[in-house]
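Here are my notes after going through your two-chain model. I've kept them as numbered points so you can check each one against the structure.

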Amino acid sequence: MIIPFYVSRIRRTIFAGLILVAMIGRPVFAAEDDNESFEAFGRVIDESRDKVFPALVNIEVVAMDYWGGREQKGQGVGSGTIISAEGHVLTNTHVVHNGIKFTCTLTDKQEVPAELIGEDPMTDLAVIKIDKSKLKDPNMTFAVGQFGDSDALKIGDHVMAMGSPFALSRSVTLGIVSNTERVFTGVMGEDDPDEFELMDNQRTGLFNRWIQHDALINPGNSGGPLVNLYGEIVGVNARGGGSMGFAIPGNFAQAIAKTLIEKKEVPRSYFGISIRPIKDTGFEEGVLVNSVEDAGPSHKAGLQAGDLITSVNGEAITVRFHEETPLLLRKLAEFPIGGSVKLAYKRGAESGEVTVTTEKLQKDRGDERAFRGWGLTGMEITDRIMRDWKLTSRDGVLVTGVRQGSPSQTAEPDIQYGDVIVAVNNKPVKTLQELIATYDELMKPKSLPESLLIETDRRGKNTITLIKPKQDEEDDPPREVAKAWIGINVQPVVKNLAEKLGDSKVTGFRISRVYPGTLAAASDLKVGDIITAVNETPIAPKGMQDAGLLDRTVRQLTIGEKASLTVMRGAEQKKLEVDLERTRINSDEARRDKNRDFELSVREITFFDRDDNRWSEDVNGVLVEDVEQAGWAGLGGIRPYDLIVKVGEFEIKDLDAYRNAMKKTAEAQPERVVMVVLRGPRTFYQFIEPDWKPVPDETTEPATP
Amino acid sequence: MKSIRLRAMTLAVMAMFCAVTTLRAGDGEAIRKIVEAKAPALVTVKFMLKMNFPGSDGQESEVETAGLVISEDGLVLCGNAMLGGIVGIMNKMMGGDGGQDISMVPSDIKVLIGDDTEGVEAKLLARDSDLDLAWVKIKDIGDKKLAFVDITKGVTPQLGDSLLILKRKSKFFDRTPSFIQMRAAGVTSKPRNLILLEGDTGSAGAPVFTPEGEFAGFTIFQVPDSGEGDMSPMSRFTMTDVMFPVVLPLAEVDKATKNATAAP
């Protein structure tokens, strides 16, 4: 503001001061209002958070997946909400799928096992139940999350996402609703809702639209609640990317959860048609039938691809846009199974009506199992798989993976991915259960068959082959031929280096290390000595290309004999005798042990392990080579390169002692196994809690904890 | 004059042709005799190779490699690298215990003799990464006496000598015995006594004979010890040299075999 120049200086000063006060005064006045608003908003968030937070759980899952012809254990983290006083937790199917062990972490940090009640891959919803008997206080009352009305959500409403992003449990983010009816068909040219898959051959998202929001979610948030500012659950977070999150609407999720608790599945009616919206078709009403499945209910009723369905049981329907498709599909799916539904249609200039007797919608993706002794995984053939793979029937078991080097892969001809096993030893196999029963019968460890005749269907071609099952045995690696060795490490001293050291003629090998505990250490050899001859034969490296000359020369001598080394120690020449000992074994020669129960591979420690780690001779143990992260040992905190020095009460002197300790431990089956490991210079006490249910060869249904 | 010159030239060409034809016929016959004589001792060693490295849960594959029977009771000489010894070679190049938590363990070893496709059970007796040799022993040969090559008798090739390297082809070619003919292109004593060949024989692990059928050595790979190889990206000398098999002369083969079979 410009103060007119003609106003006197005093007046200008007063005037400026008033303005200044006014300017200072205004923000102070405005800040108080804003602060109150902020504080009020903060209180709303606190209160709404506190209504759901106590019911939030972090879910750790150990799952068994199938890949490469074998079972693979994995570990994952997701989120869930306690939705009943009995301890039912609502989460996503993809969090718990193939789970064999579930652990929920409650608001008071208690970790409690849970079991799967049911899952619905079509909606990516699942329910697990906390084992109350394992709580510190089995009579405790669970905090239960309450559902709000997700239909009342509007774009712009504030929402919170709660869960365990990146396994960081009990996290909250805040955002707004961006869209209340998001679908993924029609985006990027994908027109078919069947293409949206949860996993291979498993559709999802057919019956719901998604609440899109921008409360930040990340892997680990899956299954966690989307909460409004009233502290009510309005969605279950299931998808995300960038700054977008997608939640399954709470009303729908609540209904699915109720059904899963009651029936452990969600039965739905099946019509055997796929539909498409009439946008861009020229039609004004109805919904277009894209295809009719052969022998499906609609096919039997006489419906044809290209028909325009105009009413369902007399009620007019129109699906113009992709956003409307899930609503109709859900309506159709909710008809009673086996009931009759009238569909009016237009076919060109004609109109008609069919009565469809619905059937039960079968699951898309069949159960899968590993057959370890044969080296393959097989899957139940569902209707969908039969269609997708162009199989002629559901009989048999689909081969979903073959392990490299396994009896199935080395058979002549081999069994391949996509083959359908139809018989074993001339006994027909119609279902996965039949194959499991046949496998169990034939593959008894003490009486493995020499060979098995396997009949397969390979894309319409009948093939037979012979597989030779074998026990999974671990052989010790072969040893190198023993050679003579001096326990030193050397570097070549070439001419220019020798010159720098004082005499260009003194080329040879300078000792850079004398390994402790060796015969060399017991001799008079010292770091800095330059070896110029072995048994009177000069060894003079011409350059780095001769860096191995001394070692090669020594290796040609005889173990146990003495070698005479001519060395220069400063300016003094000395002749030193050293006893030749055997070359020390390398890590690839070390004996190994693989423990299938603990899913842990170890090997004996070598001389070089000791030297690298500066372990003295009284440090003993076995070195962890590999540990399955989701196995007992991995979950107990054992890591590769740990040195296991004690197992329970057993000191581990060497590999044999370790094998004995593990055998005795398996016999005793304690609730907890303590392994003491050396990790670098530090000791760690790792507590392993085995469930003592070893993974069987065929890895059948998920073990309930 | 012109016609005499032309006639002379024609006669010279014909003489050359006959000489070449005669030389070829003689070579072919000699080679056939050697291959036929040695073929019974050429075997295929079939095995499962399990590779263990962190996170692998053991990857397995079925492998076949060439072998040479060197005793009538079933001692078979093979190339170590071909029998999973590549880890030992890597350790050598990297020095001491190369820090590789990798192991390759052959198992279910079988020796296929002649037309046999099933094989007889065998075990890996020893391996020598320095010399790239491995020894496999047939477990139970019964009363049978196998055709073998006596590695204690033979000659050491000289520079320029012609050599025949024999091995069986893969099962795709019915494991038929075949040969490669090469000359000794170099003789060295570093890193040890070796005969260098004028070209690439493909894989190592094959016996080498003179055109007279005498045993001369065995093809192996030789790699620098730690610190010896010039690994700079612009230098190709060392890496080009070590890419091809060389011949370990019979005296070295014999000495190594005695060491290997005597070792506890």
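1. Let's start where the chains meet. Keep in mind that this is a predicted model. By the salt-bridge rule, seven such pairs cross the interface of chain B and chain A. One to pull up on screen is Lys468(A) with Glu118(B), whose side chains meet at 3.3 Å, N to O. Polar contacts between chain B and chain A come to 12 residue pairs, counting those with both residues at pLDDT 80 or more.

2. Which parts of chain B do the touching? Elements giving two or more residues to the side facing chain A are strand 1 (42–52), strand 2 (59–69), helix 2 (86–94), strand 4 (103–113), strand 5 (120–128) and helix 4 (250–262) of chain B. Strand 4 of chain B has the largest share, at five residues. Sorted by class, that side of chain B holds 18 charged, 14 polar and 12 nonpolar residues.

3. Now the extent of the interface. The size of an interface is often given as the accessible area lost when the parts come together. For chain B and chain A, the buried area is about 3300 Å², and carbon and sulfur atoms give 38% of that. In terms of residues, 44 of chain B are in contact with 39 of chain A.

4. One more pair across the interface deserves a look: Lys190(B) and Asp546(A) form a salt bridge, with the closest N and O atoms 3.4 Å apart. Both ends sit in loops: Lys190(B) between strand 8 (177–188) and strand 9 (194–197) of chain B, and Asp546(A) between strand 34 (537–538) and helix 11 (549–555) of chain A. Are the two partners buried or exposed? Asp546(A) has a relative accessible area of 6%, so it counts as buried. Lys190(B), at 32%, is partly exposed.

5. Over all chains, the structure holds 62 salt bridges. Take Lys300(A) and Glu359(A), with their closest N and O atoms 2.9 Å apart. Lys300(A) is in helix 4 (residues 297–301) of chain A and Glu359(A) in strand 22 (residues 359–360) of chain A, so this salt bridge ties together parts 59 residues apart in sequence. Lys300(A) counts as exposed because its relative accessibility is 59%, while Glu359(A) is partly exposed at 28%.

6. Asp611(A) and Arg513(A) also form a salt bridge, the closest N and O atoms being 2.4 Å apart. What does the pair connect? Asp611(A) belongs to helix 12 (residues 607–613) of chain A and Arg513(A) to strand 32 (residues 508–514) of chain A, so parts 98 residues apart in sequence are tied together. Asp611(A) is buried, at 11% relative accessibility, and Arg513(A) is partly exposed, at 24%.

7. For a group rather than a pair, look at Arg479(A), Arg591(A), Asp593(A), Glu604(A), Asp656(A) and Arg659(A), which are linked in a network of salt bridges.

8. Last, the nonpolar cores. In soluble globular proteins, nonpolar side chains tend to be buried together. The largest core here has 51 residues, and Leu90(A), Ile309(A) and Leu343(A) touch the most other members. Helix 3 (residues 250–263) of chain A gives the most to this core, with five residues. Beyond its neighbours within four places in sequence, Leu343(A) has contacts that include Phe271(A), Leu303(A), Ile309(A), Val312(A) and Val354(A). Another core, of 49 residues, lies apart from the largest one, and among its members are Val45(B), Met104(B), Leu133(B) and Phe215(B).

Note on methods. Residues numbered from 1 in each chain as written. Chains lettered and ligands numbered in written order. Predicted model: local features only at pLDDT ≥ 70, side-chain atom pairs only at ≥ 80, totals over all residues. Heavy atoms only, no water. Contact = heavy atoms within 4.5 Å. Buried area = accessible area lost by both parts, 1.4 Å probe. Salt bridge = Lys/Arg side-chain N within 4 Å of Asp/Glu carboxyl O. Polar contact = N/O pair within 3.5 Å; in protein donor to acceptor, adjacent residues only side chain to side chain. Helix = DSSP H or I, 4+ residues; strand = E, 2+ residues; numbered from the N terminus. Nonpolar A, V, L, I, M, F, W, Y, C, P; charged D, E, K, R; others polar. Core = buried A, V, L, I, M, F, W, Y, C linked by side-chain atoms within 4.5 Å. Buried < 20%, exposed > 50% of the residue type's maximum accessible area, 1.4 Å probe, protein only.
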